[in-house]
Amino acid sequence: MEKFAGGLYTTSVEAFIPNTGRGIQGATSHCLGQNFAKMFDITFENDKGSRSMVWQNSWAYTTRSIGVMVMTHGDDKGLVLPPRVAPLQVVVIPVPYKDVDTAAIVNECKRIVETLEKDGIRADLDTRENYSPGWKYSHWEMKGVPLRIEIGPKDMANNQARVVRRDNGAKADVPTANLVEQVRVLLDGIQENLFETAKQKRDACLKVVNTWDEFIAALNDKKFILAPWCDEEEVEKDVKARTKGELGAAKTLCTPFEQPDLPEGTKCFASGKPAKKWSFWGRSY
């Protein structure tokens, strides 16, 4: 039922939001075949010199994936952006005190930003004087910037920088001579940590079921369900009708390319007919 109308077949990438127990389609790839070529008379000259109908494909990566990213990684402080897609990867904040050479601290911050940018790291400096450093910390945490670098008088004296991770709040004092290398290591670590954490949350929601009662229990528990299915459209429609309610009906999310072993004699969880494949089921946006 998810196949693109008029196409031969559709493949998709499905995301899952553990907090809501809902799937959301993040990307699709449609093999449209020659139906549309015949409809609009789209032809080409083949190697034999005659005319042939083209074969067409359609790919789409949805902007909904941005919403998935926000829901998957965000926390009570605001956004948490993976470094590879964050518009700003590092924000540098001067931390001046009374009777301290503020200009020297700001100049050091500028030098650090320039050094990071020369190495291809997306960095910026917050020199706004009408906000305190603490306010700026909260502001950039809410914006989801992966790394924050703080420079104060003690950091200047010790030729170091205080580096704070957005994903777990870990702090480290890094020598400025090694700052670029350490920032690279930290950004890679944040990327890997966010991915692994999200994958663990998803896997913790995965529930394998074999019967209708198990299916309903898992659905009401906001699970991402893998179930044996007879692969019949009418059965899929029936599941949708039987689960329709205030929270929305269940549907097939997608069928995994890598199929788990399907023992002989396995029955479809919904119809009791012989199962032909394993499919993912759940509620969706």
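In this short talk I will go through the cores, the salt bridges and a few surface and strand contacts of this structure, which is a predicted model.

Let me begin with the interior. The largest nonpolar core has 24 residues, and the members that touch the most others in it are Val90, Val92, Leu116, Ile149 and Val183. Two or more residues of this core come from each of the strands β6 (90-94), β7 (123-125), β8 (147-151) and β9 (160-165), and likewise from the helices α3 (102-118) and α6 (179-205). The element that gives the most is α6, with seven residues. As a general remark, nonpolar side chains in soluble globular proteins tend to be buried together.

If you centre your view on Ile149 and set aside residues up to four places away in sequence, you will find that Ile149 touches a run of residues from Val90 to Ile93, together with Ile112, Leu116, Ala161, Arg162, Val163, Leu179 and Val183. Apart from this core there is a second, separate one of 16 residues, which includes Phe215, Cys230, Cys268 and Ala270.

From Ile149 we can step across to Leu179, a residue of helix α6. Is Leu179 buried or exposed? Its relative accessibility is 4%, so Leu179 counts as buried. Beyond its neighbours within four places in sequence, Leu179 is in contact with Ile112, Ile149, Ala161, Val163 and Val174. By way of contrast, Tyr131 stands 48 residues from Leu179 along the chain, and the C-alpha atoms of the two are separated by 26 Å.

I turn now to the charged pairs. Side chains of opposite charge can pair when their charged atoms come close. In this model the count comes to 17 salt bridges, and I would like to show you three of them. In one, Asp75 is paired with Arg166, with 2.8 Å between the closest N and O atoms. Asp75 sits in the loop between α2 (64-73) and β6, whereas Arg166 sits in the loop between β9 and β10 (171-175), so this pair ties together parts that are 91 residues apart in sequence. The two partners can also be described by their accessibility: Asp75 is partly exposed, with a relative accessible area of 34%, while Arg166, at 7%, counts as buried.

Another salt bridge joins Glu150 to Arg148, where the closest N and O atoms are 3.0 Å apart, and here both residues are buried. The third that I have chosen links the side chains of Lys237 and Glu233, at 3.5 Å from N to O. Both of these residues belong to helix α8 (residues 233-242), and they are four residues apart, about one turn of the helix. Lys237 has a relative accessibility of 37% and counts as partly exposed, as does Glu233 at 45%. Salt bridges with shared partners also join Asp126, Arg128 and Lys136 into one network.

Finally, I would draw your attention to the N-terminal part of the chain. Leu8, Tyr9 and Trp55 make a nonpolar surface patch of about 380 Å². Of these, Leu8 is found in the segment before β1 (9-17), and its relative accessible area of 47% makes it partly exposed. In strand β2 (residues 22-33) we find Gln25, whose side chain makes a polar contact of 3.3 Å with the side chain of Glu14. Leaving out neighbours within four places in sequence, the residues in contact with Gln25 are Glu2, Ser12, Val13, Glu14, Thr62 and Arg64.

How values were computed:
Residues are numbered from 1 along each chain as its sequence is written. This is a predicted model: local features need pLDDT of at least 70, side-chain atom pairs count only at pLDDT 80 or more; totals for chains, interfaces and linings use all residues. Side-chain values use heavy atoms; hydrogens and water are left out. Patches are made of residues with over 30% relative accessible area and no salt bridge: like charges are joined within 9 Å, nonpolar side chains (Val, Leu, Ile, Met, Phe, Trp, Tyr) within 5 Å. Accessible areas come from the Shrake-Rupley method with a 1.4 Å probe; for residues, only the protein chains shown count as cover. A salt bridge is a side-chain nitrogen of Lys or Arg within 4 Å of a carboxyl oxygen of Asp or Glu. Buried means under 20% relative accessible area, exposed over 50%, partly exposed in between (1.4 Å probe, protein chains only). A polar contact is a pair of N or O atoms within 3.5 Å; within protein, one must be able to donate a hydrogen and the other to accept it, and residues adjacent in sequence count only if both atoms are side-chain atoms. Contact means heavy atoms within 4.5 Å. A nonpolar core is a set of buried Ala, Val, Leu, Ile, Met, Phe, Trp, Tyr and Cys residues joined through side-chain atoms within 4.5 Å.
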